[in-house]
Amino acid sequence: MLYAEFLEELKSYADENYKNFHGKLLKNENIRLLGVRVPVMRKLAKKYKNFAPKLLKFPDEYYEVTFIKLQAVALLPYNLFTNYVDKCVSLIDNWATCDCFAPKCIANHKDEFLPYILNYFTEEKEFYQRFALTTLLHFYVEKKYYSYILQLITEACTEEFYYVHMAAAWLLAELIIKFYDETVSFLKATVEAFGKGLGIDKKTHNKAIQKACESYRLNAEQKTYLKGLKI
């Protein structure tokens, strides 16, 4: 498979209206789009998953090329996936590619993959950290990893990076919903620590509460109480 052939196939699915719509959502003027819809890209990734090493050598001149690379690698079994995950994470430069890169093989290797998450998190780069947080969101929201997740949320570069802030708030909202009592205690401690430079920042605290309150999984009484914890 040659890059020119692959690109020609991609362009055959391009939709100019979708390109304009999705470009506005990505909010990144440096990203070049063809306008291929996600279901189509997923099908192409499945088609070419056995060519993942070759795909990774293709130039990343279009959003769709990078997206398909990551989706193809995400379909690999864990022992092969880990050969390419570092390269994949280094290619992420927008929230959509990041959030869709959720390799299901991690679900059966959660403990094994934790060192990878920590390595990406400690890079202190926007989409490295976002990937670490969204991976926790996709696969790790359970009691066993609760304290670990809270620790990373607290240490995340939420004030420096917008997309880290949003991922941390999203993840914290999920903890509120699934572990309400414990996480409310954490939020109350954040309120008490506000102004002392401790805990999570105000905007992430408030955004997490907002997101949790938008969920149908909490009752009206819980939502009312949460809103009272906003700073």
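## Helix packing, cores and a few residues to look up

E126 is partly exposed, with a relative accessible area of 21%, and this residue sits in helix α9. It's a handy place to start in this predicted model, since α9 is one of the elements that feed the largest nonpolar core. From there we'll go through the cores, then three helix pairs, then some single residues.

**Around E126**

- Leaving out residues up to four places away in sequence, E126 touches F161, Y162, Y163 and V164.
- E126 and F161 are 35 residues apart along the chain, yet their C-alpha atoms are separated by 5.8 Å.
- On the 21% figure, E126 counts as partly exposed because that class begins where buried, under 20%, stops.

**The nonpolar cores**

- The largest nonpolar core has 65 residues, and F81, F101, F113, Y140 and L226 are the ones with the most contacts inside it.
- Which elements give two or more residues to this core? They are α5, α6, α8 (110-121), α9 (126-139), α10 (146-155), α11 (162-178), α12 (180-193) and α13 (202-213).
- Of these, α11 gives the most, with eleven residues.
- Take F113 as a way into this core: once residues up to four places away in sequence are set aside, F113 touches Y78, F81, V85, I106, Y120, F131, T135 and Y140.
- F81 and Y140 turn up in that contact list, and both are also among the residues with the most contacts inside the largest core.
- There's a second, separate core too, made of 24 residues, including L7, I31, F67 and I68.

**α9 against α11**

- The axes of α9 and α11 are 8 Å apart and the two helices pack at an angle of about 10°.
- An angle under 35 degrees counts as roughly parallel, so α9 and α11 are roughly parallel to each other.
- These two helices cross in a left-handed sense.
- On the α9 side, the contact uses E126, F127, Q129, R130, L133, T134, L136 and L137.
- On the α11 side, the partners are Y162, Y163, V164, M166, A167, A168, W170, L171 and E174.
- Sorted by class, the contact of α9 with α11 has twelve nonpolar, two polar and three charged residues.

**α5 against α6**

- Helix α5 (residues 63-74) and helix α6 (residues 78-91) have axes that come within 10 Å and cross at roughly 155°.
- Anything over 145 degrees counts as roughly antiparallel, so that's the label for α5 and α6.
- The crossing of α5 past α6 is left-handed.
- Here T66, K69, L70 and V73 from α5 meet F81, Y84, C88 and L91 from α6.
- The class tally for this contact of α5 with α6 is six nonpolar, one polar and one charged residues.

**α3 against α5**

- α5 also packs with helix α3 (residues 38-47), at an angle of about 50° and with the axes 8 Å apart.
- That angle makes α3 oblique to α5.
- As for handedness, α3 passes α5 in a right-handed crossing.
- From α3 the contact takes V38, M41, R42, L44 and A45, and from α5 it takes Y63, E64, F67, I68, Q71 and A72.
- By class, the contact of α3 with α5 comes out as eight nonpolar, one polar and two charged residues.
- Two of the α5 residues in this contact, F67 and I68, are also part of the second core.

**A96 in helix α7**

- Is A96 of helix α7 (residues 95-100) buried or exposed? A96 is buried, with a relative accessible area of 4%.
- Not counting residues up to four places away in sequence, A96 touches H22, L26, Y63 and F67.
- Y63 and F67 are also on the α5 side of the contact with α3.
- A96 and I200 are 104 residues apart in sequence, and their C-alpha atoms are 25 Å apart in space.

**Two loop residues**

- Y216 lies in the loop between α13 and α14 (220-227).
- Y216 is exposed, at a relative accessible area of 75%.
- The C-alpha atoms of Y216 and I177 are separated by 9.6 Å, with their positions 39 residues apart along the chain.
- E124 is found in the loop between α8 and α9.
- E124 has a phi near 55°, which is a positive value in a residue other than glycine.

Notes. Residues numbered from 1 in each chain as written. Predicted model: local features only at pLDDT ≥ 70, side-chain atom pairs only at ≥ 80, totals over all residues. Heavy atoms only, no water. Axes fitted to C-alpha atoms, helices over the stretch in contact; angles between N-to-C directions. Helix = DSSP H or I, 4+ residues; strand = E, 2+ residues; numbered from the N terminus. Parallel < 35°, antiparallel > 145°, perpendicular 65-115°, else oblique. Left-handed = near helix turned anticlockwise from the far one by under 90°. Contact = heavy atoms within 4.5 Å. Nonpolar A, V, L, I, M, F, W, Y, C, P; charged D, E, K, R; others polar. Core = buried A, V, L, I, M, F, W, Y, C linked by side-chain atoms within 4.5 Å. Buried < 20%, exposed > 50% of the residue type's maximum accessible area, 1.4 Å probe, protein only.
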